[in-house]
Amino acid sequence: MTVSDVAAHQATGPKAWLLYSFATTILWGFWGAFTGMSAGRGFPETLVYCVWSLTMILPALCALARAGWRLDRDLRSLVYGLIIGLLGAGGQMVLFYAVTLGPASLIFPLISLSPVVTIAMSFLLLGERTNILGAAGILLALLALPLFDFSPQGLSESSGVEAGTGLGWFLLSLIVMGCWGVQAFFMKLANRSMSAESIFFYMMVAGLLLAPIAWAMTDFSRPVNWGVDGPYLAAGIQLLNAIGALTLVYAFRYGQAIVVSPLTNAGAPLMTAVISLVAVGTLPGRLKLVGLMLACISALLLALTPEEGIDAKTRTTTS
């Protein structure tokens, strides 16, 4: 049985892309609701990255075992895999620096628009198309994404920053947005010629390669919590992120990037807000409520998109 045959058997339903997309939103939703706990208890974000890179190992090995330990080793697969991994991990490295220069309430809304890059590249370079229902869902998702993190206070914060520094965080935010948008595009492109398991394995390798940089960026002059609620709590939370990244790769394998990208990017914050509401009992602000409503409608429209609007080429090549 070839790698393509293995991948074909993994699509157990007519909308495997939707099942994997929902799995990603749920996993990333729980991850988003609790990811700040480690840093809040004295374990720096840079070390959280190091822990995350280690949590990628387990799902990567499990996925390879499921595929019969078949790893694509040709040059194109190696290049694609490392491009995807380095764009994702490299974007995170840039984000670490960006948040030290500018307001997070403006940086994260800019970064959240990364699906715009994915949609544009997939439309122009892969020829992906969808129907009116899917297009409406994509548009609503793009409108909802910046509202999850935007805060008017961020505008006043940025006005007080020096001109050069202010331009710096804005450009860095655009770089992160570009990295993650291009990463999603290559995730779809690579799925046309290599197995999803190989893609994720190389993502894991790239994440580990950049871990020493995150370690070096850590300010060890400040106390670091090495207790159970430090690295161990971070590992449990980041494992949700890692597994969600794996299900995302599968979602891109069986679905169009122009649909999967906005659905998962809008669905995960929606799930996080619901979980936070149940766990903490606090209502989000007005802008976030608007974003949540738009995301709900968007997710429904994208989920109802007829199968004809999904990547038939991928289904053909994997069957």
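So, burial: of the 319 residues in the chain, 52% are buried, and keep in mind that this is a predicted model. The fold is helices, 16 of them, with 0 strands. On the outside, the chain exposes about 14,200 Å², and 72% of that comes from carbon and sulfur atoms. As for contacts, if you take those between residues at least 6 apart in sequence, 91% join residues at least 24 apart.

Okay, let's go to one helix. H4 runs over residues 45–55, and 9 of its 11 residues are buried. Which ones are the buried residues of H4? They're Thr46, Leu47, Val48, Tyr49, Cys50, Val51, Trp52, Ser53 and Thr55. And what covers them? The cover includes H3 (36–40), H5 (57–66) and H6 (75–98), plus, from further along the chain, H12 (196–217) and H13 (228–254).

Now the rings. There are 11 aromatic pairs in the structure. One of them is Trp215 with Phe220, a tilted pair at 5.1 Å centre to centre, with 45° between the planes. Are those two buried or exposed? Neither, really: Trp215 counts as partly exposed because its relative accessibility is 45%, and the cut-offs are under 20% for buried and over 50% for exposed. Phe220, at 38%, is partly exposed as well. That pair also belongs to a cluster, where ring pairs link Phe43, Trp215, Phe220 and Trp226.

Last bit, charges over rings. Arg129 has its charged end over the ring of Phe123, 3.7 Å from the centre. Then there's Arg66, which lies over the face of Tyr250, 5.9 Å from the ring centre.

Terms used: Residues are numbered from 1 along each chain as its sequence is written. This is a predicted model: local features need pLDDT of at least 70, side-chain atom pairs count only at pLDDT 80 or more; totals for chains, interfaces and linings use all residues. Side-chain values use heavy atoms; hydrogens and water are left out. Helices (H or I, at least four residues) and strands (E, at least two) are DSSP runs, numbered from the N terminus. Buried means under 20% relative accessible area, exposed over 50%, partly exposed in between (1.4 Å probe, protein chains only). Contact means heavy atoms within 4.5 Å. Accessible areas come from the Shrake-Rupley method with a 1.4 Å probe; for residues, only the protein chains shown count as cover. Rings of Phe, Tyr and Trp (its six-membered ring) pair if their centres lie within 6.5 Å; planes under 30 degrees apart count as stacked, over 60 as edge-to-face and the rest as tilted. A charge sits over a ring if NZ of Lys or CZ of Arg is within 6 Å of the ring centre and within 35 degrees of the ring normal.
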